[in-house]
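Thanks, everyone, for making the time. I would like to walk through one model this morning, beginning with a single strand pairing and working outwards from there.

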Amino acid sequence: MPVDGPDDRRRDLTPAHVRERADVVEVMFAESPRIFRLSRSHADFDRLSSALRASLAAGRAVRVTLTVPHGGDIDDVQVP
Amino acid sequence: MAQIKEETAVVSLAAVRSPRRGVTEYLFLERQQIFTLPAAGARSADSARLLSRALREQAPVKAVLDPRRGEILSVDPPGPEDLEVFRRGRIPPEERGTTRAVDLARLDPTTFDVVDLKLKAPIFRLCKRTIPDYATAKKIFDFCAKQGCYLGGPFDITPCIPFQYVIDGCYARAHKMRRIITTKYRYCCEKVFSFANQGNDTLAVKADKWGGCCVYWWYHVAPLVRVRVRFGKLSLTFAMVIDPGMFDQPVLLSTWLAAQANTGCSPNANVSMYSIQPGSAYWPTDFSGTAFGTDPNYALTDGTLTNYQNLTTCP
């Protein structure tokens, strides 16, 4: 699947830490001080969560799509 | 914003390891990502030899990397210009800073901020030109604050600094101010990083300057300056932070840390640790807060400042 370039909704980010919360998984990336969120109610939660954890283990950046430009909620994760 | 693509970089080997038969992984000090060489071939064999020698001799190599695939596409010895760029972009071991756990509830603000009394960091010895008085620190603060994009200009620097967008980009704002402090005013400037990296800790700040909403981070960074203050015949040097995104004047390090643990914003608000690093440290490259990347030519800095110049913090 082709991957679009970075823009205000898509960022190339390297997971630094993943933390469990009741309704969300909090994701910290090396390139940002923000705490991003992946909702457990996301239809594709298992795939996205796995992709983030695999990238964390490999120290590899992923292409993160946010629900809104410059937002904090993760809508999609694409592994290169 | 940085795009993942092939990149040429001068890097140094941290380790070469074989986690399983037939797989060799290359770990670079300057990268969090683990790399491999693509399928065997004459060029790969040459590259493997060069990388092994570089590890043995602790010498940098010039590599073309594909971060998307985690592959090393080619390896060559670096030229003189490459080595100069590499040297400028690296934090030498003797300049690495100090990272400490902090318990805000037990922190004594009457002594915590006094440099060389309670607050000791070996890197302070590397630069002696500290700010002579609070008035000078305020002048520097005001100059930085005046470059805020939200003020509309005219600005003395380019790009302007998006203090109004405290949600993200603190690393770029801090680096731009560090450039001002060290080149326009020629004073020492370190960086202070705060971290919420233990348990459920979260840095939580009430953005009173930008509408009063709460902002959450896992780390924050700002320029740290040392300011001499006279009390009669006594002169003490205090660690102060220049952070116009959060304050209207330079503040003591303890004040800066305490403001990031606003329990009105989050019950998990707490600063786990802080780290005083050389001014060249740009952003953390791991969650433990002990490794940092750099931006020696301010290219990442200016890109981020430009990208965030029209954004706002509170809805």
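Let me start with V192(B), whose bridge partner in strand 14 of chain B is I276(B); please keep in mind throughout that what we are looking at is a predicted model. That pair belongs to a longer run, since strand 8 (residues 190-195) and strand 14 (residues 273-278) of chain B are joined by 6 bridges and run antiparallel. Both strands sit in an open sheet of 6 strands in chain B, with the order 7-14-8-11-12-13 and antiparallel pairing. At the edges of that sheet are strand 7 (98-101) and strand 13 (251-252) of chain B, each of which pairs on one side only. Against the sheet packs helix 4 (residues 170-184) of chain B, which touches strand 8 and strand 11 of chain B and whose direction makes about 35° with that of strand 11.

Now to the core, where V192(B) turns up again: the largest nonpolar core has 84 residues, and V192(B), V225(B), M240(B) and V241(B) are those with the most contacts inside it. Leaving aside residues up to four places away in sequence, M240(B) touches A137(B), V225(B), V227(B), P250(B), V251(B), L252(B) and L253(B). Another core, of 14 residues, lies apart from the largest one and includes V10(B), L37(B), L51(B) and V61(B).

Finally, the contact between the chains takes 26 residues from chain B and 20 residues from chain A. On the chain B side, the elements giving two or more residues are strand 10 (214-217), strand 11 (219-231) and strand 15 (281-284), and by class that side has 15 nonpolar, 7 polar and 4 charged residues.

Methods: Residues numbered from 1 in each chain as written. Chains lettered and ligands numbered in written order. Predicted model: local features only at pLDDT ≥ 70, side-chain atom pairs only at ≥ 80, totals over all residues. Core = buried A, V, L, I, M, F, W, Y, C linked by C-beta atoms within 7 Å. Buried ≥ 20, exposed ≤ 12 C-beta atoms within 10 Å, placed from the backbone. Contact = placed C-beta atoms within 7 Å. Helix = DSSP H or I, 4+ residues; strand = E, 2+ residues; numbered from the N terminus. Nonpolar A, V, L, I, M, F, W, Y, C, P; charged D, E, K, R; others polar. Pairing = 2+ DSSP bridges. Axes fitted to C-alpha atoms, helices over the stretch in contact; angles between N-to-C directions.
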